[in-house]
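Please look through the sequence and the fold before reading on. The paragraphs below then take the structure step by step, from its surface to its helices and the contacts between them.

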Amino acid sequence: MTPPTFTSYVRARGPVLLRTARSLTANRCDAEDLLQTALAKTYLAWERIEDHRALDGYVRKALLNTRTSQWRKRRVDEFVCDELPEPEPQQGPDPAEAQAVRDALWHAVLKLPARQRAMVVLRFYEDLSEAQTAAVLGVSVGTVKSAVSRALVKLREDPQLASDVLGGAPDGARARPAGEELTAA
């Protein structure tokens, strides 16, 4: 019986050897790397291996030795320090709060009459200019300006929106923080 070539051996026994490597590591990628390293060592010794019937044992031993060497090299040093190295927490708006505001605003927009709602959506959600909005709807630019203006007034006066977004009544009982405006986007 002629000894197998290295390529035919890897093709035939690769899946079995990968399962062995997988049992030695935490994840599949590490197992593939481990097997590749062990097979590279086996390839270098291929001509010296006398008993080709014991190849599986040779490769398994190479897997185990390689894994042990990797484990020993991955020593983690710990250093004592006065302050923890964690990054400072991000100073920004809470994403959940921002989503709640967007939801409240969208529900208020849905209460607008269809024509005003269409203009608000095109202007602020689709980011079209007044002229583009007028062209899409087949109306004049002045009609878009006045309808959007009236829609924004309705949105500002919506008691549910004021409660959800501003935490108060629409009459301005609670002042908005500086620079914060109620817009449709």
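Which residues form a nonpolar patch on the surface? In this predicted model, the patch consists of Trp106, Leu110 and Tyr125, which together have about 270 Å² of accessible area. Leu110 belongs to helix α4, and with a relative accessibility of 40% it counts as partly exposed.

Before following that helix further, it helps to place it in the whole. The protein chain has 8 helices and 0 strands, and read along the sequence it follows the pattern α-α-α-α-α-α-α-α. Of its 185 residues, 26% are buried, while the chain as a whole exposes about 13,400 Å², with carbon and sulfur atoms supplying 54% of that area. Among the contacts with a separation of 6 or more, 51% are accounted for by residues 24 or more positions apart.

Helix α4 covers residues 95–110, and because each residue should add 1.5 Å, its 16 residues should span 22 Å; the C-alpha atoms at its ends are 23 Å apart, which agrees with that expectation. Within α4, the residues Ala104, Leu105, Ala108 and Val109 are buried. When α4 is viewed down its axis, its buried residues fall within an arc of 140 degrees, so they line one face of the helix. The general geometry helps in reading such a pattern: an α-helix has 3.6 residues a turn, so residues three or four places apart point the same way. On the other side of α4, Pro95, Ala96 and His107 are exposed.

From this helix the view can pass to the charged side chains. Side chains of opposite charge can pair when their charged atoms come close. The structure holds 5 salt bridges, and one of them joins the side chains of Arg13 and Asp56, with a distance of 2.6 Å from N to O. This pair links distant parts of the chain, since Arg13 is in helix α1 (residues 6–24) and Asp56 is in helix α3 (residues 55–73), 43 residues apart. The two partners can also be described by their exposure: Arg13 is partly exposed, with a relative accessible area of 27%, whereas Asp56, at 17%, counts as buried because the limit for a buried residue is under 20%.

A further salt bridge brings together the side chains of Lys111 and Asp158, at 3.4 Å from N to O. Here too the pair links distant parts of the chain: Lys111 lies in the loop between α4 and α5 (114–125), while Asp158 lies in the loop between α7 (141–157) and α8 (159–166), and the two are 47 residues apart. Lys111 counts as exposed at 55% relative accessibility, whereas Asp158 is buried, with a relative accessible area of 10%. Arg53 and Asp51 form another such pair, their side chains meeting at 3.2 Å from N to O; in this case Arg53 is exposed, at 73% relative accessibility, and Asp51 is partly exposed, with a relative accessible area of 35%.

What does Gln116 contact, leaving aside its neighbours within four places in sequence? Gln116 is in contact with Ala147, Arg150, Ala151 and Lys154. Gln116 lies in helix α5 and is buried, with a relative accessible area of 8%. All four of these partners carry numbers that fall within the range 141–157 given for α7.

Another position to examine is Thr7, which is found in helix α1 and is partly exposed, with a relative accessible area of 42%. The C-alpha atoms of Thr7 and Tyr43 are separated by 9.5 Å, although these residues are 36 residues apart along the chain.

The last stop concerns the backbone. Most residues other than glycine have a negative phi, and most peptide bonds are trans. Asp127, however, has a positive phi of about 60 degrees although it is not a glycine. Asp127 sits in the loop between α5 and α6 (130–137), where it is exposed, with a relative accessible area of 64%.

Methods: Residues numbered from 1 in each chain as written. Predicted model: local features only at pLDDT ≥ 70, side-chain atom pairs only at ≥ 80, totals over all residues. Heavy atoms only, no water. Helix = DSSP H or I, 4+ residues; strand = E, 2+ residues; numbered from the N terminus. Expected span 1.5 Å × (residues − 1). Buried < 20%, exposed > 50% of the residue type's maximum accessible area, 1.4 Å probe, protein only. Arc of directions from axis to C-beta. Salt bridge = Lys/Arg side-chain N within 4 Å of Asp/Glu carboxyl O. Patch = residues over 30% accessible without salt bridge, like charges linked within 9 Å, V, L, I, M, F, W, Y side chains within 5 Å. Areas by Shrake-Rupley, 256 points an atom, 1.4 Å probe, with all protein chains shown as cover. Contact = heavy atoms within 4.5 Å.
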